[in-house]
Amino acid sequence: MNNVWALVAASAVIYGIYCILMGVAPGAALSRVPPLPGVHPLAARESHGRDIYVAEGCSYCHTQQVRPLAQDQVFGRPSVAGDYVYDTPQLLGTERTGPDLTSIGSRQPSEIWQYIHLWDPRAVVHESIMPRYTWLFQVKDKAGPGDVIVPLPPGYGPEKGVVVATADAKDLVAYLESLKQVPLTGGQAK
Amino acid sequence: MSVFVELFQDNVEAEDIRLFSAFTLTATFWLLLSTFVALILSFKFPYPDWATSPFLSFGRLRAIHTNDAFYGWASVALSGAALYVASRSSGIPVAAKRWAWSGLILFNLAAVCGTVTLDLGINNGDQEYREWVWWVTIIFALALVTTFISLLATVVRRVEREIYISNWYTLGAFIFTILLGITAYIPAYQHGLGQVALQGFYMHNAVGMWFTFLALGVTYYALPKLLNRPIYSYALGVLGFWTNLLFYPVIGAHHYEFSPLPWWFQTLAIVFSVGMLVPVWAGSGNFFLTMRGHWETVRRSYALPFMVVGVAYYFLGSTQGTVESFRSLQGIWHLTNFTVGHSHATMYGFITFISWGAIYALLPRATGKHPSALATGLHFWFALVGVTVYILLLSIAGTEQGLTWAAGNPFIASVEAAAPFWLARAVAGTLMFVSHLIFAYNVYMMTLGPSRETMRYERPPESVPA
């Protein structure tokens, strides 16, 4: 070929059509899926906790999608489009170096466990390779009024003082605790 | 050392030499930074308590590694090579050079801003390869547009009648990627699962419509040049161009198999993944047939071995991609480290080796300065052994993870099963990083370093041929 404009135009038109067919159209159609009964937007604190989850890149190791496969049953029922209506930016993930968190709020309902785990994952799961998120906590000589103290097993806390959850840690844990699946059948909208 | 084919110097304008050198030098900086970050990441698997800091944490550095490797290293290296190829194959100096210089500055500005924002936890969601926030991506998009203007102007003003096949690929790469970037960053149709559909489309197209097209385009020029013989089949090159464009944009959803995306949408992606065998085998077959019977030239060259590895990994990595997209295999391998092995077979074994091959092939022809043969050999073997071991380790680790899950064991068993492979991967990664340091030394020798003539005869610099 020796007409550069024809080459440029053909490439742009064909790929432009693909962008609409394979990008914009499925995106628009799936953006209009109605929420499952019981799926609600997050509360303000949970939403802020989700922002921290995104900023810290949690979904590089934790998926939020349960597949219709036997090995995924432990994480809940298979996920459906209506689960994700308020999930933007999406956090489905592509790697599962750590467990899926779709229903972590049901599977691990203890906030205290979450605090200990974020301070030092190896304090609760010895073989874990998850990073420590110590910057979500403060080490204080003495807890103030209203402070959430993280009870740590011997050897995992600071030499002096107590570990206290910051507002960011509280919001992140509030988000994690909010991660629950609504039932697909027999469930009642609330 | 016998006479290398590469020792012939092209007659290149001084500013074109500076332009090509500047693209290569800054790309090399991003290669070193992104893979130094990768090294930190790989040691965090066996030593998770090491370097506990928000700015050195896994979740932030991971995106810096991938984005800087993509948009700092490979994009800049291949864009510089594409401009040089356009100029040589069109028979004129690079046209509209100011636009190319602007492109280089914008590429680097985007990578700096992207690195800083990601390290501060400011991102566009944990969405692979589009983690940069919108304004950083606008800087990158402007880099694409300005560089494209220079590339297009060079081809438009060519003195050759035909547009050489390389320029089809590289011009296409810029057009596709500009359109892709716009499509991926408009939020109107990206809510909930809608954004997942866009993510599958974006992440695979960023790889396949940008890096694959650039690397193939550069190979179509560098390989015949190095072998001093024409490409085996021009028609296969044209077939590869159109079939890549036909099949690639549909396969993105195979990154979300078994997800809530419509089942037929995933099936369509798998079917087109099989279709990808056409351009992959057409391209790699074409290159191998061009090399056939000239292995002695390959053996004596320092650039050709990189091209051979690049083409081999293009064939292997892409064919692997087709096979692993089948549901029966994704059931085990999806979400495991197997995918990370595959992405290094393609982005490193294919794209990065082709980038190195193109730089070793073309940069000395422009500058008249040659890398050390010993250093180039060390670079080659460290990188090849490093990445091959890396891929094998993560493929085994991923298989162990997938089988552990399928056996219904507690999740932590999959971490324990993969742990020894992660430790070994850090060693393989170290080998790869050392090879990049050697490459950086060679880039210095090919650009800023003393000319061979100067060294040999101690002539003043002004007598060095341009």
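The questions and answers below concern a predicted model.

Q: Is A:Gly144 buried or exposed?
A: A:Gly144 is found in the loop of chain A that runs between strand S1 (137-140) and strand S2 (162-165). A residue counts as exposed if 12 or fewer other C-beta atoms lie within 10 Å of its own. Because A:Gly144 has 7 other C-beta atoms within 10 Å, this residue is exposed.

Q: Which element gives the largest share of the largest nonpolar core?
A: The largest nonpolar core holds 145 residues, and B:Ala81 and B:Val218 are the ones that touch the most other members. The largest share of this core, 21 residues, comes from residues 193-227 of chain B, that is, from helix H6.

Q: How are H2(B) and H4(B) oriented, roughly parallel or roughly antiparallel?
A: In chain B, the axes of helix H2 (residues 58-90) and helix H4 (residues 134-156) come within 9 Å and cross at roughly 15°. Angles under 35 degrees count as roughly parallel. It follows that H2(B) is, with respect to H4(B), roughly parallel.

Q: What is the handedness of the crossing of H2(B) and H4(B)?
A: The residues that make the contact include B:Tyr71, B:Ser79 and B:Ala82 of H2(B), together with B:Phe140, B:Thr147 and B:Ser150 of H4(B). The crossing of these two helices, H2(B) and H4(B), is left-handed.

Q: What distance separates the centres of domain 1 and domain 2 of chain A?
A: The domain assignment of chain A gives domain 1 as 7-33 and domain 2 as 37-178. Taken over C-alpha atoms, the centres of domain 1 and domain 2 of chain A are separated by 36 Å.

Technical notes: Residues are numbered from 1 along each chain as its sequence is written. Chains are lettered from A and ligands numbered from 1 in the order in which they are written. This is a predicted model: local features need pLDDT of at least 70, side-chain atom pairs count only at pLDDT 80 or more; totals for chains, interfaces and linings use all residues. Helices (H or I, at least four residues) and strands (E, at least two) are DSSP runs, numbered from the N terminus. A residue is buried if 20 or more other C-beta atoms lie within 10 Å of its own, exposed if 12 or fewer, and partly exposed in between; C-beta atoms are placed from the backbone. A nonpolar core is a set of buried Ala, Val, Leu, Ile, Met, Phe, Trp, Tyr and Cys residues joined through C-beta atoms within 7 Å. Domain bounds come from an automatic or database domain assignment. Axes are lines fitted to C-alpha atoms, for helices over the stretch in contact, and angles run from 0 to 180 degrees between N-to-C directions. Angles under 35 degrees count as roughly parallel, over 145 as roughly antiparallel, 65 to 115 as roughly perpendicular and the rest as oblique. A crossing is left-handed if the near helix is turned anticlockwise from the far one by less than a right angle, and right-handed if clockwise. Two residues are in contact if their C-beta atoms, placed from the backbone, lie within 7 Å.
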